[in-house]
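Notebook open, coffee poured. I want to go through the backbone oddities, one acid and the cores, and jot down what I find.

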Amino acid sequence: MTKSYIRGLGFHVPEHILTNADFERMVDTSDEWITSRTGIRQRHVAQGETCSELAQHASLQALEKAGMSAEELSHILVATFTPDAYIPSAACTLQHRLGLSGRYAADLYAACSGYLYALETARSLVALHPEANVLTLGSEVISSRTDYTDRGTCVLFGDGAGAAIVSGTPGHDSAEILDVILSSDGALGNLLAVRGGGSAFPYKPGDTIRRDFFVEMQGREVFRHAVRSMLSVSAEILKRNGLTPDEVDVFIPHQANLRIIEAVGDKVGVPRERIFINVDRYGNTSAAAVAIALAEARLTGFIKNGDLVLLTAFGGGFTWGAVLLRF
C-alpha cells in the first residue's frame, strides 16, 4: 500500500473574540459557570467571513509550510457542517478562491469527526493516485448555526479552519499517517443534531426560522458517549499497532470540553503534560477542532520531530475515530 504523509499544516481563526464576560451580558450565565463546566474562556467568531474564506487562509498557510503552490494540488476535501451554501460546496468555492479549476473538490459531512474522516479519504485517494496532493480541511462557521439565546449550547462553539496537505511522498517537515480507525452509530443521531432545512424538516418561503435550524444537544448523554467512544477507538488503534499509551508523545483529543479531554486522557493513560489543549481559547470548532489543534501543536513546537501523535474525535451522527501519526 502506498504510504501517505501530511506535508504541511495550517490554521486560521476569525479576529473577533467572544469572551465569557460577553456571554454574561447575553444570557443567564457566568464566567465561573462556563469555565468550571467546559474549560472554555473565549472563542473566535466570524463576522461576515464564510467557511471557504476561513479555509482559504488555512490552506495558504499549509501550502507555505509544505513548500508547495496551489497549482500542485490535485484534490480538495472540506469537512464541514456549515458550508457557505448547500450548492456549490465549500470545496468548489475554495477551489475558485485558490485560483484553480478542474480539480476533484467535495465536502464531507461527519460533524466533529469530519477532519479524521477527511484524512482517511485523502489517504485512500493517495493510495489510488500516488502522485496526488490532497488539500484536506476542517472548516466551520458554527456561529451561523448557534442559537445565542440557548445558554446550554451557545457558550460552547467557535469558528475556524485547519488544513493539511496529504501526499504520497514526504516533504522536509512531514508526518506519516500510520493508521486510521473510523466508526459511527446512526441510532444515536437525535442526541446531537441540526435538523432544520433538511429534506425531513423542510421549510418554505415565509416560514419562521425554527429552533431546529440551530445546534440541539443533549449534553449529558453526548458527554457519556463521547468519552466511551474516544477511549475505545484510541485503545483499539494502539493495540492494533502494537503500541502502549506510554509510547504516545502527543495526544490530541477533540477540543469540545475540558472535562471530556481530561476524562479521555486519563482513561487512555496518557499523562496530561502530553495532551495538547486549546479548547480554552477556541471553544468547540467541530470539524476544525482537531485540525486547528494539530496545526497549532506543530507550529508552536509542542509536536517535535520523531513524535508519535494520537488524534481522536467524536461528533454528531454519531461519528468517531482515531488517527496515528509519526512526525
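**Ala111 and Ser286**

I started with Ala111, which counts as buried at 18% relative accessibility (buried is under 20% relative accessible area, exposed over 50%, partly exposed in between, with a 1.4 Å probe and protein chains only). Ala111 has a positive phi of about 55° without being a glycine. I found Ala111 in the loop between β5 (104–108) and α5 (114–128). The elements are DSSP runs, helices being H or I of at least four residues and strands E of at least two, numbered from the N terminus.

Ser286 was next on my list: its phi is near 55°, again positive in a residue other than glycine. Ser286 is in the loop between α9 (279–282) and α10 (287–299), and it is buried with a relative accessible area of 1%. I flagged both since most residues other than glycine have a negative phi, and most peptide bonds are trans.

Before going on, a note to self: this is a predicted model, so local features need pLDDT of at least 70 and side-chain atom pairs count only at pLDDT 80 or more, while totals for chains, interfaces and linings use all residues. Residues are numbered from 1 along each chain as its sequence is written, and side-chain values use heavy atoms, with hydrogens and water left out.

**Cis bonds**

I looked at omega next. The bond from Ile87 to Pro88 is cis, with omega near 5°; Pro88 is in the loop between β4 (75–79) and α4 (90–97). Gly317 and Phe318 are also joined by a cis peptide bond, with omega about -15°. Phe318 lies in the loop between β12 (308–315) and β13 (319–326).

**Asp107**

What does the side chain of Asp107 reach at 2.8 Å? I found the backbone nitrogen of Ala91 there, and the backbone nitrogen of Ala90 lies 2.8 Å from a polar atom of the same side chain. Asp107 is in strand β5. It is buried yet has no salt bridge, as Arg97, the nearest side chain of opposite charge, is 12 Å away (a salt bridge is a side-chain nitrogen of Lys or Arg within 4 Å of a carboxyl oxygen of Asp or Glu; Lys and Arg count as positive, Asp and Glu as negative, with His and chain ends not counted). Beyond four places in sequence, the contacts of Asp107 include Val78, Thr80, Pro83 and Ser89 (contact means heavy atoms within 4.5 Å).

**Cores**

I pulled up the largest nonpolar core: it has 40 residues, and Phe251 and Leu310 have the most contacts inside it (a core is a set of buried Ala, Val, Leu, Ile, Met, Phe, Trp, Tyr and Cys joined through side-chain atoms within 4.5 Å). Two or more residues come from each of α7 (219–240), α8 (258–268), β12 and β13. The most come from α7, with 7 residues. Leaving out residues up to four places away in sequence, Leu310 touches Ile237, Leu238, Phe251 and Val323, among others. Apart from this core lies another of 37 residues, among them Val250, Ile252, Phe276 and Ile292.

**Whole chain**

I closed with the totals. The protein has 10 helices and 13 strands. Its radius of gyration is 19 Å, close to the 20 Å that the globule rule gives for 327 residues, so it is as compact as a globular protein of that length (taken over C-alpha atoms; the rule is 2.2 Å times the number of residues to the power 0.38). Of the 327 residues, 56% count as buried.

Key: A polar contact is a pair of N or O atoms within 3.5 Å; within protein, one must be able to donate a hydrogen and the other to accept it, and residues adjacent in sequence count only if both atoms are side-chain atoms.
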